[in-house]
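Hi,

Here is the structure I promised to pass on. Have a scroll through it first, and then read my notes below.

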Amino acid sequence: GRGSPQENKMVVVEYAPKQAKGAKTIAFVGKGITFDTGGISIKPSSKMEDMKHDMSGAATMFAACLLASKWKVPNKIVGVMVFTENTPSGEAIHPGAVIKGRAGKTVEIVNTDAEGRLILADALDYAQDFKPNVVVDAATLTGAIAVALGRYAAGLFSNSDTVQDQLERAAQIQSERV
């Protein structure tokens, strides 16, 4: 858990086409930090009010699931969105804590502002239970990507040239820059 257990939520949605035989499974995974102060390793107060946008990865993936259903895509779609907030409290994780993720790996917390990576790792592991052919995740993991690319392009990282090309073409059709 990244906060108190009752605060962490996972939302899973599934869409299957009527002719699902032979359909590929695509998992959309999104990080939803509903508010990120940085936890005990608190962020600077400047622009703190914008930290409500740290849930945009989950919102993006939920929208992708809705569009897949509306457009009746020929693939099975699984959306896995994880939500929590990262604020100081008596139950907050502290630097030096060691936690075990869903995949069984242990992680030592050095800076509590890395919470997104932790919940995203659990969501990505959970998505594997659906045996997806492709996994697409969306997250606001670091402000450094905005420094590198500016406000008008999104970072795209892929271990598949084919999937990367498809995502780049889709983005270009929508006048998005990746």
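**The nonpolar core**

This is a predicted model, and a good place to start is its largest nonpolar core, made up of twelve residues: Y15, I26, F28, A58, M61, A64, C65, A68, I77, M81, V136 and A138. The elements that each put in two or more residues are β2 (25-36), α1 (56-70), β3 (76-86) and β6 (134-138). Which of them gives the most? That's α1, with five residues. As a bit of background, nonpolar side chains in soluble globular proteins tend to be buried together.

Take A138 as one example from the core: leaving out residues up to four places away in sequence, A138 touches V29, G30, K31, G57, A58 and M61. Apart from the largest core there's another one, of ten residues, including V29, I119, A123 and A127.

**The sheet**

Now have a look at the strands. Four of them form an open sheet, in the order β1-β3-β2-β6, and the pairing is mixed. β1 (9-15) and β6 are at the edges with a single partner strand each, so each has one side without a neighbour in the sheet. From one strand to the next, the twist averages 15°.

β2 and β6 run parallel and are joined by five bridges. You can find A138 again here, as the bridge partner of G30 in β6. Two helices pack on this sheet. α1 touches β1, β2, β3 and β6, and its direction makes about 145° with that of β2. α2 also touches β1, β2, β3 and β6, with its direction at about 155° to that of β2.

**A few odd spots**

Most residues other than glycine have a negative phi. With that in mind, look at K47, which isn't a glycine but has a positive phi of about 70°. You'll find K47 in the loop between β2 and α1. Is K47 buried or exposed? Its relative accessibility is 53%, and the cut-off for exposed is over 50%, so K47 counts as exposed.

S175 is another non-glycine with a positive phi, of about 60°. S175 sits in the segment after α4 (161-173) and is exposed, with a relative accessible area of 66%.

Last stop: A114, in the loop between β5 (106-108) and α2 (115-127). A114 counts as partly exposed, at 27% relative accessibility. How far apart are A114 and T142 in space? Their C-alpha atoms are 9.0 Å apart, while in sequence the two are 28 residues apart.

Cheers

Note on methods. Residues numbered from 1 in each chain as written. Predicted model: local features only at pLDDT ≥ 70, side-chain atom pairs only at ≥ 80, totals over all residues. Heavy atoms only, no water. Core = buried A, V, L, I, M, F, W, Y, C linked by side-chain atoms within 4.5 Å. Buried < 20%, exposed > 50% of the residue type's maximum accessible area, 1.4 Å probe, protein only. Helix = DSSP H or I, 4+ residues; strand = E, 2+ residues; numbered from the N terminus. Contact = heavy atoms within 4.5 Å. Pairing = 2+ DSSP bridges. Axes fitted to C-alpha atoms, helices over the stretch in contact; angles between N-to-C directions.
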